[in-house]
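Student: I would like to go through the charged side-chain contacts and the reasons behind each label. Please put the structure up.

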Amino acid sequence: MAHAYTPGLKVTNSVRHRARRVLPIHGSVKAKVGDAVSARDVVAEAFMPGDVDAVNLANLLAMPARDVVECMLIKDGDAVHVGDVVARTNGIFGMFKKEYKSKYEGTIESVSEHTGQLIIRGAPIPVQMEAYLAGNVVEVIADEGVIIEAEVTYIQGIFGVGGEAHGPIRMATPDHVTPLSADMIKEEHKGAIVVGGARVNDEALERAREVGVAAVVAGGIDDQDLKDFLGYDLGVAITGTEDVGLTLIVTEGFGDIAMATRTYDLLQWREGAEAAVNGATQIRAGVMRPEIVIPIPADLEIPDTIEHHEAGLLEPGRAVRMIRDPYFGQIGAVHTLPSEPAVLGSGSKSRVLDVKLGDGALITVPRANVELIEG
């Protein structure tokens, strides 16, 4: 058998990329087809109903619930500000009047003659969708959002936490095998996407958070360091909503793993460029990987160093990453794809492939133990 198919991890210097940017509820679209947008431009906006505050006027005014409506000085739908007199009793012979001054800002929504409750609805809460990807709007989805397209350098990671972030790419380590330590995070890295080589530890992440780094990209992380940084044990199948002060993307996996040379070289090539990152990861059905998206300006010369292959095609020459022991994290190239199943060390039979590692060593592994690094 000359080739097979397997899931892949995309790492490429240039690809046409599309970002779908839609609101969680219907709203208004602010951009049109053909518009050039920057990463932080608002392309769609909606308004969620404001918070509700309930006031028991019957108790506050010491009167039957059915009489509360008659004491209202403003009606349903009227705006109310903190300190406004909302209701006032008639008192006795015009004396001993009681009144209620609002403690809330908003709009009078209703007054119940059955419970004596006043409902004040707060101001609508805006929900804005930013472009995320600097590019051109190629499609408008009515009342929902847009699709943006751009030529980008695109890198997928293995795991991430934290949501979308933006900033310039800054290299913090001299090479792809040097761990990212706290002393490498400088004040000038504020707002940047800081790239390390190998493992990043909790101290470095804490330093990055203190400085105000937008995101950290590193080869690996220890699960205990991740737990210390988050403050809890991450046990969910989907990440991306963590509020930890920065976004973290791990390109290779858990443990003391160096970043792939190819990934590091691409990031180094684009150092200084504005990028968008998203740590959202889904590890079960409907796999979603964290990503680094770096738009390519029209005048940038792109090195033609990446061969183009059919997506998912496993064939001789393709770059692959080992995703299980004993070669976990190592990268090599497909050498041959034997057509017959082989007997493994466990005694079971499986389809295998021969992989040539960077040091020239030739190993045989089950096909299920590798993933493609797609260009």
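Student: What makes the contact between the side chains of Lys32 and Asp35 a salt bridge?

Tutor: Bear in mind that this model is predicted. The N to O distance between Lys32 and Asp35 is 3.2 Å. The cut-off is within 4 Å for a Lys or Arg nitrogen and an Asp or Glu carboxyl oxygen, so the pair qualifies.

Student: Why is Lys32 called exposed?

Tutor: Its relative accessibility is 55%. Exposed means over 50%, so Lys32 counts as exposed.

Student: What makes Arg88 and Glu99 a salt bridge?

Tutor: Their closest N and O atoms are 2.9 Å apart, and the limit is within 4 Å. This pair links distant parts of the chain, with Arg88 in strand S8 and Glu99 in strand S9, 11 residues apart.

Student: Why is Arg88 called partly exposed?

Tutor: Arg88 has 33% relative accessibility. Partly exposed lies between 20% and 50%, so the label fits. Glu99, at 38%, is partly exposed because its value falls in that range too.

Student: How do you know that Glu210 forms a salt bridge with Arg207?

Tutor: The closest N and O atoms are 3.2 Å apart, and the rule asks for within 4 Å. Both residues lie in helix H3, three residues apart, about one turn of the helix.

Student: Is Glu210 buried or exposed?

Tutor: Glu210 is exposed, because its relative accessible area of 62% is over 50%. Arg207, at 22%, is partly exposed, because buried would require under 20%.

Student: How many salt bridges does the rule give?

Tutor: The count comes to 13. Arg16, Arg18, Glu149 and Glu151 are linked in a network of salt bridges.

How values were computed:
Residues numbered from 1 in each chain as written. Predicted model: local features only at pLDDT ≥ 70, side-chain atom pairs only at ≥ 80, totals over all residues. Heavy atoms only, no water. Buried < 20%, exposed > 50% of the residue type's maximum accessible area, 1.4 Å probe, protein only. Helix = DSSP H or I, 4+ residues; strand = E, 2+ residues; numbered from the N terminus.
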